[in-house]
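Here are a few exercises to work through with the viewer open. Take each one step by step before you read its solution.

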Amino acid sequence: MSVLRPLDKQPGLNTATILLVGTEDALLQQLADSMLKEDCASELKVFSFFSHLARSLPLPSNMNRPRIDLIMFVVNLHSKYSLRNVEESLRHVDATFFLGKVGFLATGAGRESHCSVHRSTVVRLARTYRSPLLFCDPEVDGFRVPVAQRLVRMLQICAGHVPGVSALNLLSLLRSSENPTLEDL
């Protein structure tokens, strides 16, 4: 079983690659399409890893892939299977990836009454791995586009294409100004 490491491939010139890990291929494809529509100086590669190819990480060893600059774990708040898939996949990521090159995206947050995974569960998961967490409802175009823009910016930072900002600064840049409650810690 191989562990995904951040520096196991050489970087491409002006190229940035994101790995989306999740169980819903249609949702990930919508997000990937929105990201690719964004105007940026870097050549973006969205390397989607859908559950119909494999249940979770690790990536198949025979897969030819570019260097991965950012991994986004996508948790659907309406699916406990989605959360389990992410938790299983996390075990196959090298610890050095968590130095600013991993993030979490919780989808379906707009319909909290239908959630089978509570928001606080995903917040704790992101805090445990000291990684940024974004919430979105990708079925609503008004939410998908700003999230895609934010992911593109995070990807550019993680790929080293933003002068003066490193992936290690990413969490502090995205941290909310409100103080966490004791139950969140």
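In what follows, buried means under 20% relative accessible area. Keep in mind that this is a predicted model.

**Exercise 1. Which residues of β1 point one way, which point the other way, and are they buried or exposed?**

Solution. Start with one side of the strand: T15, T17, L19 and V21 point that way from β1. Next, turn to the opposite side, where you will find A16, I18, L20 and G22. Now apply the cut-off: the residues on both sides are buried. The count agrees, as 8 of the 8 residues of β1 are buried.

**Exercise 2. Find the strands that pair with β3, and describe how β3 is covered.**

Solution. Begin with β1, which pairs with β3 in the parallel sense over 4 bridges. Two of the partnerships can be picked out by residue: L19 is matched with I71, and L20 with M72. Then look at β4 (residues 102-107), which pairs with β3 in the parallel sense over 6 bridges. Here N76 of β3 has T107 as its bridge partner. To get from β3 to β4, the chain passes through helix α2 (residues 80-90), making a right-handed β-α-β crossover. Finally, check the faces of β3: L70, M72, V74 and N76 are buried on one side, and I71, F73 and V75 are buried on the other.

**Exercise 3. Why do the buried residues of α1 line one face of the helix?**

Solution. First, list the residues: L27, L28, L31, A32, S34 and M35 are buried in α1. Then look down the helix axis: the buried residues fall within an arc of 160°, and therefore they line one face of α1. As a check on geometry, α1 has 12 residues and reaches 16 Å from its first C-alpha to its last, close to the 16 Å expected at 1.5 Å a residue.

**Exercise 4. How many residues does the largest nonpolar core have, and which element gives the most to it?**

Solution. The largest nonpolar core has 26 residues, and those with the most contacts inside it include I18, M35, L70 and L151. Next, trace the contributors: β1, α1, β3, β5 (133-136) and α4 (141-158) each supply at least two residues of this core. Of these, α4 gives the most, with 8 residues. Apart from this core lies another, of 22 residues, among them L19, L57, L90 and A126.

To finish, zoom in on L70. Leaving aside neighbours within four places in sequence, L70 is in contact with residues including I18, V102, L151 and M154.

Conventions: Residues numbered from 1 in each chain as written. Predicted model: local features only at pLDDT ≥ 70, side-chain atom pairs only at ≥ 80, totals over all residues. Heavy atoms only, no water. Core = buried A, V, L, I, M, F, W, Y, C linked by side-chain atoms within 4.5 Å. Buried < 20%, exposed > 50% of the residue type's maximum accessible area, 1.4 Å probe, protein only. Contact = heavy atoms within 4.5 Å. Pairing = 2+ DSSP bridges. Expected span 1.5 Å × (residues − 1). Arc of directions from axis to C-beta. Right-handed = clockwise from strand over helix to strand, strands pointing away.
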